[in-house]
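Visitor: Please take one small part of this model and walk me through it closely. I would like to see what it sits beside and where that leads.

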Amino acid sequence: MRRSAVTGVGVVAPGGATRDAFWENITAGRTATRKITFFDPEGFRSQIAAECDFDPVAAGLTEHDRRRMDRYIQFAAASAIEAIEDSGLQLEELDADRSQSGVQLQAVDRDRMAVTLGSAVGGTMALEDGYVAVSNRGKDWLVNPEYSPPFLYNGLVPSSLASEVSLMFGAHGPSVVISTGCTSGIDAIGYGHQLIQDGEADVVISGAAESGISPISMACFDPIKATSRRNDDPEHASRPFDRDRDGFVMGEGGAVLILEEMESAKDRGAHIYCEVAGFASRGNAYHMTGLRPDALEMSEAILDAMRQGDINPEDVDYINAHGSGTKQNDRHETGAYKNTLGEHAYKVPISSIKSMVGHSLGGIGAIEMAACALAIENGVVPPTANYENPDSDCDLDYTPITARRKQIQCALSTASGFGGFQSAMIFAVPPELKEVSA
Amino acid sequence: MTTSLPDPQRRSVITGIGAVAPNGIGTDAFWKATKAGKSGIGRIQRFDPSIYDTQLAGEVDGFSAGDYIDKRLMVQTDHWTHMALAGAQMALDDAKFDPEEHDDYSMSVITASSSGGNEFGQNEIQNLWGKGPVFVGAYQSIAWFYAATTGQISIKHQMKGPCGVVVAEGAGGLESLQHARRSIRRGVETVVGGGFEAPIGPYAITCQQGTGLMSTASSPEDAYRPFDAKANGHVPGEGGAILLVESLQQAEERGADQIYGEIAGYGATNDAYHWGKPAPDGVQLARAIRLAIDDAGVKPEGIDVIFADAAGTPEADAIEAKAIKHGLGHHATEIPVTAPKSMIGRLYAGGAPLDVAAALLAMRDGAIPPTVNLDKPAEGCDLNFVTGKAKEGKLGTALVVARGYGGFNAALVLRREV
């Protein structure tokens with residue numbers, strides 16, 4: 001069976017536009033949620049978000065990239081640059097001089113390099129800007145194409161996310177965007193993992209990105225009361241598992257992981273963070289936004305992921321929860337952990353980094369898998385910020401406020417999304433690479 | 001379903017087809033029109049297109065969502081999802097497959113979309129900017145996004161297996177079927193696959209117009225002429241197809257009425273050449289074709305018909321002809337090639353699933369539907385095109401080619417005998 005090693009990590013998140021800054025922020029328990037600055041949120045129910053202070057040029061993008069790529073694509077591109085660099089993969093063509101000089105460079109076969117990226121709402125930022133321009137600020141139904149900004153079609157089709165990243169790295173393998181709402185991030189990495197398992201690719205640039213802090217995306221969630229109304233206290237608004245939680249706080253950002261076929265990663269002496277030990281997803285077939293109280297479908301996904309990796313409940317050292325901070329989600333997820341891990345559910349540290357970086361819809365799943373890889377790497381459980389008041393429905397160990405040192409060899413992450421999708425992914429240290437502890 | 005580890009021995013077959021196309025609603029109507037070379041392209045009726053460069057489209061006339069779904073669901077979803085729900089019902093009926101008789105977790109929904117719930121989205125952005133945030137409706141969050149169709153089909157038919165939504169512009173429809181195949185290898189028994197698109201609204205047309213890839217001709221015959229010397233761009237179309245994919249084992253065990261064919265091979269590549277233009281050398285498209293036939297274990301001479309992507313611009317048509325020749329070698333110019341898209345326009349995520357439907361039906365009936373508006377092949381497009389009327393003959397294997405803006409290439413091999 002072909003396996004997938006994680007050999008590179010790149011992150012653009014609120015509070016820190018690099019992998020290291022992201023990790024430092026979330027382990028310090030710092031929240032990046034604030035009053036929206038991208039537009040005037042007056043008149044909206046929820047007026048807060050976790051925004052990225054992101055400079056595309058500093059992240060390695062050209063001026064033309066910046067003009068052409070919608071913001072979420074910029075996040076993915078910047079994350080991919082950082083992840084590829086981190087992986088140490090040699091992407092330059094072998095040139096004759098160097099190979100003659102005896103230096104061994106193993107160039108990647110670009111034909112075997114795939115791109116699988118997730119996003120829930122795609123180019124809505126570019127689409128909305130474009131719409132305002134062509135519709136005379138929402139007055140005209142028969143919009144006037146004369147006022148179209150350039151690259152508008154790239155906003156209409158979220159496939160631009162994958163094609164831009166394929167182009168950036170000359171990746172000629174399969175290229176696809178996975179858009180399963182808020183499970184997109186995990187699902188996109190799972191998709192890449194399956195391409196490696198099935199032999200369709202050897203290296204996958206895999207992850208997700210989202211930039212949904214725009215009027216239309218914020219307005220989507222207002223009428224269904226999914227987002228927090230704690231507008232007077234943005235820093236403490238995202239309160240997963242806390243009794244006083246009142247909805248999620250919108251976020252933005254992205255993360256890319258480099259997946260490589262395990263044996264080739266070992267052969268080239270790559271640094272291996274962990275492997276994808278299991279990935280599964282289920283639909284609740286219940287409601288586009290509602291969750292069944294029994295959490296059976298998420299439980300099925302978790303159990304399937306565990307079976308793939310031959311993981312027992314007590315093997316799970318850390319759970320990175322979806323923990324969106326809505327009443328129903330946090331209850332539902334707590335139930336799923338009890339269903340699947342039994343007594344161990346009460347012992348394993350759980351946390352939701354959405355308390356700090358918000359909920360970037362399709363992007364967050366990849367950011368959370370990056371957090372899992374870094375948690376395994378550094379032996380640290382990031383905390384749930386703002387967790388102050390226990391809720392009787394949520395009675396597990398949510399790692400309140402402060403990070404904890406802990407050796408982590410196996411981390412589980414879960415996600416729920418509109419459409420009823422439930423996904424689970426397990427990252428683990430490959431058994432053959434485990435250090436024998438004294 | 002106990003495990004999700006892949007078993008390459010588990011084969012995927014198609015047992016049901018649900019087509020909603022500009023030249024016919026329902027698989028029989030679509031196939032009858034397609035075989036007869038009947039076009040469904042005309043002047044846009046959905047709104048007054050006078051101010052747009054492209055005023056023609058393949059619209060699905062006479063589609064009534066109420067025939068397939070209840071009113072409550074209708075108001076929560078876009079026209080795109082309406083058509084897909086209808087397609088899913090037709091495919092299930094065609095296969096005589098009753099989801100209630102199957103384990104919920106054994107059934108998945110994996111659809112392709114390229115632009116989501118356009119019309120619904122435009123309405124709500126207009127409400128937001130024209131009136132204010134409180135005028136945005138509660139269903140915007142579940143109707144506009146690309147996962148709406150998969151989610152609604154999953155809920156309607158109680159399908160709880162691993163669900164998916166793939167986006168690769170015009171290549172996405174084939175990717176959805178390959179992902180169905182990957183899922184069946186992992187223990188899923190049934191997948192509702194395929195894709196739909198509804199890109200005919202004022203704003204969606206405006207977005208497409210910017211690519212410069214659409215025809216501005218005023219009569220349907222002059223507009224979308226793939227591979228013809230007078231090719232001048234494409235016409236957009238709406239609709240798509242749902243294909244019911246089952247494990248061969250389940251299809252045989254339940255005694256499925258028909259097995260249209262097997263998803264025998266697949267290849268996907270990306271040009272990684274330019275953000276909006278295909279690579280002139282066609283090397284990656286040719287590679288996708290070779291990957292697909294190698295995966296299927298067939299030689300070029302084993303391919304009986306090719307359903308071409310048929311972009312309809314002189315550059316892209318020439319690239320495809322070149323890639324077919326590179327991918328299939330000296331035998332390529334003997335294989336019949338057709339592009340029934342010429343009758344309905346380019347349907348983005350919905351296009352390739354309709355080509356797959358047509359290819360399966362062509363194999364069933366031994367009849368290759370013609371390409372319309374192809375009077376004189378353009379220079380370099382020296383393939384064995386089927387024009388005029390349907391070409392009869394025994395067909396065992398079909399190759400379907402699809403591309404998407406952004407350098408996406410995909411090829412799928414279908415085999416009649418399983």
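Guide: Let's begin with a single pairing: B:A112 has B:G195 in β7(B) as its bridge partner. Before going on, a word on conventions. Each chain is numbered from 1 along its written sequence, while chains are lettered from A and ligands numbered from 1 in the order in which they are written. The model is predicted, and local features need pLDDT of at least 70, side-chain atom pairs count only at pLDDT 80 or more, and totals for chains, interfaces and linings use all residues.

B:A112 belongs to strand β5 of chain B, residues 107–112, where six of six residues are buried. Strands (E, at least two residues) and helices (H or I, at least four) are DSSP runs, numbered from the N terminus. Buried means 20 or more other C-beta atoms within 10 Å of a residue's own, with C-beta atoms placed from the backbone; exposed means 12 or fewer, and partly exposed is in between. Both faces of β5(B) are covered: B:M107, B:V109 and B:T111 point one way, B:S108, B:I110 and B:A112 point the other way, and all are buried.

Now the neighbours. β5(B) runs parallel to β7(B), residues 190–197, with six bridges joining them. β5(B) also runs parallel to β6(B), here through three bridges. Strands count as paired when DSSP finds at least two bridges between them. In β6(B), B:V166 stands opposite B:A112.

From β6(B) we can cross into the other chain. This strand, residues 164–167 of chain B, pairs with β5(A) in the antiparallel sense over two bridges, and B:V166 has A:I178 opposite. The wider contact takes 77 residues from chain A and 67 residues from chain B, where contact means C-beta atoms, placed from the backbone, within 7 Å. On the side of chain A that touches chain B, β5 (175–178) is among the elements that each supply at least two residues. The largest share there, six residues, comes from α7(A). That side divides into 36 nonpolar, 28 polar and 13 charged residues. Here Ala, Val, Leu, Ile, Met, Phe, Trp, Tyr, Cys and Pro are nonpolar, Asp, Glu, Lys and Arg are charged, and the others, Gly among them, are polar.

Back in chain B, the loop between β6 and α7 (172–185) holds B:E169. B:E169 is not a glycine, yet its phi is positive, about 45°. With 30 other C-beta atoms within 10 Å, B:E169 is buried.

The helix after that loop leads to a second meeting place. Chain B has domain 1 (12–253) and domain 2 (265–415), with bounds from an automatic or database domain assignment. Their C-alpha centres lie 21 Å apart, and their contact takes 56 residues from domain 1 and 55 residues from domain 2. Among the elements that each supply at least two residues to the domain 1 side are α7 and β7 of chain B. α7(B) gives the most to that side, with six residues. The domain 1 side divides into 25 nonpolar, 22 polar and nine charged residues.

So our starting strand leads two ways: β5(B) is joined to β6(B), which pairs with β5(A), and to β7(B), one of the suppliers of the domain 1 side.

Methods
Contact = placed C-beta atoms within 7 Å.
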